[in-house]
Amino acid sequence: MAGMSPSERRLQKELMSLVKEPPPGVTVHADLVEKNLLQWIINMEGASGTLYEGESFQLQFKFSNKYPFDSPEVTFVGSNIPVHPHVYSNGHICLSILTDDWSPALSVQAVCLSIVSMLSSCKEKKRPPDNAFYVKTCSKNPKKTKWWYHDDSV
Amino acid sequence: MGNCLKRSTTDDISLLRGSDSVRESSSDQLGPSPYQETLPIQAATPVYHPSPSVTRSVAQLTEEEQVKIAKRIGLIQHLPTGTYDGCKKARECVICMVEFLVGDAVRYLPCMHTYHMACIDDWLMRSLTCPSCMEPVDAALLTSYETN
Ligand SMILES: [Zn+2]
Ligand SMILES: [Zn+2]
């Protein structure tokens, strides 16, 4: 792994462990990632017994060369954006560990698990109340959003 | 005297120049910790983080931010450091995900979580919390000052 920056070295390790032992319902497009370690596409299946059973989603992770000190930029992409009170229709996710509560001890796997559990605990499929306004006015980068976090009970 | 040159190339200087040192790909050049670009290099090319997501060069800092950062550096330097002695309790630095090697420079936080000094210092300049347990480092430090 010589010739890699510290962020790339860590991402390479994370990739290997995610390929070897992926959390249930999570798969990483390893061939794509190997071309560009700083941008990952991850497939996520809705867990059985939840409102998202049978659906599948795609998550995009973008990393800066300051990863893991900087949090990754994580959004849902593709044709199926989950309808969820913390997920905007443009794919942006309101989840505090992606900005304010990020820690370098977190990882792609930890973020995936957190999103799986966010989806799994959902009781009613609906968009955030401010969806229309947010999607019209937000920056392309969700990390630039000054989120006020919705209550975590949803 | 003869060893001075050797020391300075394997020690700080070559490691601080991230991309240059990795191009010399022989493994002994890579050194103990992959995150060598911390306080020393920030002093050379000052980039600071008044809050975790804000990056500024020193020229763009307000006076208030400069004071805050100077205080923070002082605080970080009060945290105990050491060299990894092979203790089995801490095996891997969770920031770089690399196993500790005997002799690595490490820093101990008040919660007893251990990291490579270079890795944790880079984080503490952004946020005074332990990455593993989120324990605020500054509050713990203040209480330890009071009791000592
Ligand atoms: Zn480390
Ligand atoms: Zn801790």
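Donors are N, O and S atoms within 2.8 Å of the metal, or 3.2 Å for Na, K and Ca; water is not among the atoms, so sites may look incomplete. This is a predicted model, in which local features need pLDDT of at least 70, side-chain atom pairs count only at pLDDT 80 or more, and totals for chains, interfaces and linings use all residues. Residues are numbered from 1 along each chain as its sequence is written, chains are lettered from A and ligands numbered from 1 in the order in which they are written, and side-chain values use heavy atoms, with hydrogens and water left out.

Start with the zinc ion (ligand 2). Its protein donors are B:Cys111 (SG), B:His113 (ND1), B:Cys130 (SG) and B:Cys133 (SG), at 1.9 to 2.3 Å. Along the chain they follow the spacing C-x1-H-x16-C-x2-C. B:Cys111 sits in the loop between strand E6 (105-108) and strand E7 (114-116) of chain B. B:Cys130 sits in the loop between helix H5 (117-124) and helix H6 (137-147) of chain B, 19 residues apart from B:Cys111. Helices (H or I, at least four residues) and strands (E, at least two) are DSSP runs, numbered from the N terminus. For four tetrahedral donors, the ideal angle at a metal is 109.5 degrees. Here the four donor atoms subtend angles of 108 to 115°, so the arrangement is tetrahedral (all angles between 85 and 135 degrees).

How covered are the two cysteines? B:Cys130 is buried because its relative accessibility is 0%. B:Cys111 is partly exposed, at 24%. Buried means under 20% relative accessible area, exposed over 50%, and partly exposed in between (1.4 Å probe, protein chains only).

Now turn to chain A. A:Tyr67 and A:Trp102 form a tilted aromatic pair, 6.1 Å centre to centre with 40° between the planes. Rings of Phe, Tyr and Trp (its six-membered ring) pair if their centres lie within 6.5 Å; planes under 30 degrees apart count as stacked, over 60 as edge-to-face and the rest as tilted. Both residues are buried. They belong to one aromatic cluster with A:Trp40, A:Phe61 and A:Phe63.

A:Phe61 stands opposite A:Val74 in E4(A). E3(A) and E4(A) pair in the antiparallel sense over five bridges; pairing needs at least two bridges found by DSSP. Four of the five residues of E4(A) are buried.

Last comes A:Asn43, in strand E2 (residues 39-45) of chain A. A:Asn43 is buried because its relative accessible area is 17%.

Key. Four donors count as tetrahedral if all angles lie between 85 and 135 degrees; four count as square planar and six as octahedral if opposite donors are over 155 degrees apart and all others between 65 and 115; anything else is irregular.
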